[in-house]
Amino acid sequence: MVSSEVPTRRHLGPDEELERAMADYLRVSRGAHLYASGDEHQRAEEAAWTRLVAARDLFEAAAASASA
């Protein structure tokens, strides 16, 4: 049987998600020259920062529950 579902990335653990979010934020932050305008770069950087903060919060919650 053939699946018609769109493939998605595998589920990442909190530590892997934090690493990826950090790397993505740094790529966006350092890649201002890749954007058509400063406004586009700022929006992308803000979105990457929001994702990084969410990943950090998830990681910290997982670490707290693991140590409890």
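This passage describes the helices, the nonpolar core and the salt bridges of a predicted model.

We may start with the longer-range geometry of helix α2, which covers residues 38-67. At 1.5 Å a residue, its 30 residues should span 44 Å, and the end C-alpha atoms are 43 Å apart, so the expected and modelled spans agree. Within α2, the residues His41, Ala48, Leu52 and Ala55 are buried. Helix α1 is among the elements that cover these buried residues of α2.

The meeting of the two helices is seen again in the nonpolar core. The largest such core has seven residues: Leu18, Ala21, Tyr25, Val28, Ala48, Leu52 and Ala55. Both α1 (14-30) and α2 (38-67) supply at least two of them, and the largest share, four residues, comes from α1. Leu52 offers a handy view of this packing. Once neighbours within four places in sequence are set aside, Leu52 is in contact with Leu18, Ala21, Met22 and Tyr25.

Charged side chains add a second layer to the picture. Side chains of opposite charge can pair when their charged atoms come close. The model holds five salt bridges. In one of them, Asp24 and Arg51 meet with an N to O distance of 2.4 Å. Asp24 belongs to helix α1 and Arg51 to helix α2, so this pair ties together parts that lie 27 residues apart in sequence. Arg51 has a relative accessible area of 28% and is therefore partly exposed.

Two further salt bridges share Arg56. Its side chain meets that of Asp57 at 3.3 Å, N to O, and that of Glu60 at 3.9 Å, N to O. Arg56 and Glu60 both lie in helix α2, four residues apart, which is about one turn of the helix. The three residues are partly exposed, with relative accessible areas of 38% for Arg56, 39% for Asp57 and 44% for Glu60. Elsewhere, salt bridges with shared partners join Glu17, Asp24, Arg27 and Arg51 into one network.

Arg27, a member of that network, is found in helix α1. Its relative accessibility is 56%, and because exposed means over 50%, Arg27 counts as exposed. The side chain of Arg27 also makes a polar contact of 2.6 Å with the side chain of Asp24, the residue that pairs with Arg51. Finally, Arg27 and Glu45 are 18 residues apart in sequence, while their C-alpha atoms are 9.3 Å apart in space.

How values were computed: Residues are numbered from 1 along each chain as its sequence is written. This is a predicted model: local features need pLDDT of at least 70, side-chain atom pairs count only at pLDDT 80 or more; totals for chains, interfaces and linings use all residues. Side-chain values use heavy atoms; hydrogens and water are left out. A nonpolar core is a set of buried Ala, Val, Leu, Ile, Met, Phe, Trp, Tyr and Cys residues joined through side-chain atoms within 4.5 Å. Buried means under 20% relative accessible area, exposed over 50%, partly exposed in between (1.4 Å probe, protein chains only). Contact means heavy atoms within 4.5 Å. The expected span of a helix is 1.5 Å times one less than its number of residues. A polar contact is a pair of N or O atoms within 3.5 Å; within protein, one must be able to donate a hydrogen and the other to accept it, and residues adjacent in sequence count only if both atoms are side-chain atoms. A salt bridge is a side-chain nitrogen of Lys or Arg within 4 Å of a carboxyl oxygen of Asp or Glu.
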